[in-house]
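Please look through the sequence and the coordinates shown here before reading on. The text after them is meant to be followed with the structure open beside it.

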Amino acid sequence: MTSCANAGAVENSTATPITVAEAKGYHGRAGVEFVDPRPADAIAATTGKIPGARLISVEDVEAGNLPPVFADKSLHVVTTCMAGPMARRAATAFAKAGFGRVNWIEGGTTAWVEAGHPTVR
Amino acid sequence: MENAKKLAIVVSRGLDDERATVAFTIANTGIASGQQVTMFMVSSAVDVVRKGAADNVRMNPFDPPMKELIENFQNGGGRILVCPPCAKVRGYEESDFIDGVQVVGSPALHAQILDGASTLSF
C-alpha cells in the first residue's frame with residue numbers, strides 16, 4: 001500500500017451478489033459506481049436505468065475500455081441489468097480487472113423497480 | 001442523483017490546525033447540497049482519521065466535535081482516502097484507520113478529477 005501510484009488494484013478479486021436493499025444503501029455514495037451493461041435502447045424499452053448508472057457494455061468491461069474514473073481500482077462497482085445474468089458477467093470482468101469490491105444486484109433492475117425504487121429513461 | 005456533482009477535497013492539516021475541522025464542516029455541507037464528496041488525506045491530515053485520534057477533539061467550540069463531523073460525513077455517503085506514503089511514514093497500516101477509510105494513492109484522486117469533480121484543498 002506504500003506507493004503514491006497505488007491505484008488500489010486487488011489480485012484474485014471475486015464478485016458477489018447483493019440484494020436490492022443492499023444496493024439501495026450503496027446508491028449515491030461517493031466511491032460507488034453503478035454500471036448497466038445493456039444497450040440504451042433495451043434499457044429504455046424495459047426497466048429504465050438506475051439513476052447515475054453508467055452504460056458500459058460487457059465487451060468494453062472485458063476489454064478494459066472504461067471511463068477515466070475507473071482508473072481508481074478501489075472504487076466499489078455495482079452492476080445491474082434486466083434480471084441479473086449479464087450483470088454477473090460484467091461484475092466478474094470488473095473483479096478480474098482488479099477491482100476489489102464488486103457486486104451485482106440479484107434480480108437486476110427489475111427487482112430494483114419492483115422494490116419501488118426509481119429509474120430514469 | 002442523476003449526474004450528481006462530485007467534490008474532491010485534499011486535506012493536509014492535522015489535529016493541531018483548526019482547518020482540519022473546517023475541511024470536514026465544508027465536506028458535510030457539500031453532501032447536504034447533493035454532491036458526492038471524497039476527502040483525500042495527506043501529510044498530517046492522516047492522523048485525523050486514525051482510530052481514536054479524533055474521539056476527544058473539538059477544535060472550535062462553534063463547530064461540532066471532530067468525531068461527530070467524521071461520522072456525519074461517512075454516514076452521509078462521503079468517502080475518505082489516505083495517501084499511502086503519508087501513512088507508511090507514520091507507521092500506520094490500513095487497520096489503524098477508522099472503518100471505511102481506504103489507503104489508496106493519487107490515481108484515485110485524479111480519477112475523480114478526470115470524471116469532472118470540483119476540487120478544494122485545506
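The paragraphs below go from the complex as a whole to the fold of chain A, then to the sheet and the nonpolar cores.

The model is a predicted one, and the predictor assigns the complex an ipTM of 0.88 together with a pTM of 0.91. For chain B the average pLDDT is 94, and 98% of the residues reach a score of at least 70. Where the two chains meet, 20 residues of chain A are in contact with 26 residues of chain B. On the side of chain A that touches chain B, the residues comprise 10 nonpolar, eight polar and two charged ones.

Chain A contains five helices and five strands, and reading from the N terminus its elements follow the order β-α-β-α-β-α-β-α-β-α. Its overall dimensions can be described in two ways. Along the principal axes, the C-alpha atoms of chain A occupy a box of roughly 45 × 25 × 20 Å; the radius of gyration of chain A is 14 Å, which agrees with the value near 14 Å that a compact globule of 121 residues would have. Among the contacts in chain A with a separation of 6 or more, 71% are made by residues 24 or more positions apart, and buried residues account for 40% of the 121 residues in this chain.

Within chain A, strand S2, residues 32-36, deserves a separate look. Is this strand mostly covered or mostly open? S2 of chain A is mostly covered, since five of its five residues are buried. In a regular strand, side chains alternate between the two faces of the sheet. Here both faces of S2(A) are covered, with A:Val32, A:Phe34 and A:Asp36 buried on one side and A:Glu33 and A:Val35 buried on the other. S2(A) also has strand partners: four bridges join it to strand S4 of chain A, residues 76-79, in a parallel arrangement, and A:Glu33 stands opposite A:Val77 of S4(A). With strand S3 of chain A, residues 54-55, S2(A) pairs in the parallel sense over two bridges, and A:Val35 has A:Arg54 in S3(A) as its bridge partner.

In chain B, an open sheet of five strands is arranged in the order S4-S3-S2-S1-S5, with parallel pairing. Its edge strands are S4 (102-103) and S5 (118-121) of chain B, each of which pairs on one side only. S5(B) runs parallel to S1(B), to which four bridges join it, and B:Ser118 in S5(B) is the bridge partner of B:Leu7.

Which members of the largest nonpolar core touch the most other members? Of its 39 residues, they are B:Ile9, B:Met39, B:Phe40, B:Met41 and B:Val82. At least two residues of this core come from each of several elements of chain B, namely strand S1 (6-11), helix H1 (19-32), strand S2 (36-41), helix H2 (66-75), strand S3 (79-82) and helix H4 (106-114). B:Met39 can serve as an entry point: leaving aside residues up to four places away in sequence, B:Met39 touches B:Ile9, B:Val11, B:Ala27, B:Gly78, B:Ile80 and B:Leu81. Apart from the largest core lies another one of 27 residues, which includes A:Val35, A:Val77, A:Cys81 and A:Trp112. Two of these names have already appeared in the strand pairing, with A:Val77 opposite A:Glu33 and A:Val35 bridged to A:Arg54.

Definitions and conventions: Residues numbered from 1 in each chain as written. Chains lettered and ligands numbered in written order. Predicted model: local features only at pLDDT ≥ 70, side-chain atom pairs only at ≥ 80, totals over all residues. Contact = placed C-beta atoms within 7 Å. Nonpolar A, V, L, I, M, F, W, Y, C, P; charged D, E, K, R; others polar. pLDDT = per-residue confidence, 0-100. Rg over C-alpha atoms; globule rule 2.2 N^0.38 Å. Buried ≥ 20, exposed ≤ 12 C-beta atoms within 10 Å, placed from the backbone. Core = buried A, V, L, I, M, F, W, Y, C linked by C-beta atoms within 7 Å. Pairing = 2+ DSSP bridges.
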